Amino acid sequence: MRENDMLEKEEIFSKVLRAGRRTYFFDVRATKADDYYITITESKKFTEEDGSFHFKKHKIYLYKEDFAAFSEILEDMTSYVLNHKGEEVISERHQKDFKKEYFSETVTEENVTEKSFTDIDFDDI
């Protein structure tokens, strides 16, 4: 096994977040110089038609010099979302009983404005 592979395997501190089909791995690792950095790995499970499954993984490497800016932007982004949409999950994929509401309105003379239609006289055609 190559030295880089060995370094990639050495985990100093780890945490796991399971979130539906996704799992997030947060790992503190060591560089060759014995400095620390963080990897964040998203692993997503995909099921094939035959019932077999596979995982797709995406990894972010986060180094100490970027911690403050990364943390600040992440806080800004999460605050923005929560302030504008709240904490309630409204995605169909996250709620098994989610029912999409469709807007439907019966057109009647009372709810039609004059701007809704153009008067056309069939004699003009």
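These legends go with several views of a predicted model.

**View A. The protein as a whole, helices and strands together.** Let's start with the overall layout: the secondary structure comprises two helices and four strands. Following the sequence from start to end, you meet them in the pattern α-β-β-β-β-α. The protein has 125 residues, and 10% of them count as buried. About 11,900 Å² is exposed, with carbon and sulfur atoms supplying 53% of that area. If you are thinking about contacts, take those between residues at least 6 apart in sequence: 17% of these join residues at least 24 apart.

**View B. Strands S1 and S2 with their hairpin.** Here S1 (residues 11–19) runs antiparallel to S2 (residues 22–30), and eight bridges pair the two strands. One pairing to look for is Arg18 with its bridge partner in S2, Thr23. Two residues lie between the strands in this hairpin, where Gly20 adopts a positive phi near 65°.

**View C. Strands S2 and S3 with their hairpin.** Staying with S2, we now turn to its pairing with S3 (residues 36–47), which is also antiparallel and spans nine bridges. The hairpin of S2 and S3 has five residues between the strands, and in it Asp34 has a positive phi near 65°.

**View D. Thr23 and its partners.** Which residue of S3 stands opposite Thr23? That residue is Ser43. Thr23 is also the bridge partner of Arg18, so this close-up brings together the pairing of S1 with S2 and that of S2 with S3. As a handy reminder while you look along the strands, side chains in a regular strand alternate between the two faces of the sheet.

Notes. Residues numbered from 1 in each chain as written. Predicted model: local features only at pLDDT ≥ 70, side-chain atom pairs only at ≥ 80, totals over all residues. Heavy atoms only, no water. Pairing = 2+ DSSP bridges. Buried < 20%, exposed > 50% of the residue type's maximum accessible area, 1.4 Å probe, protein only. Contact = heavy atoms within 4.5 Å. Areas by Shrake-Rupley, 256 points an atom, 1.4 Å probe, with all protein chains shown as cover.
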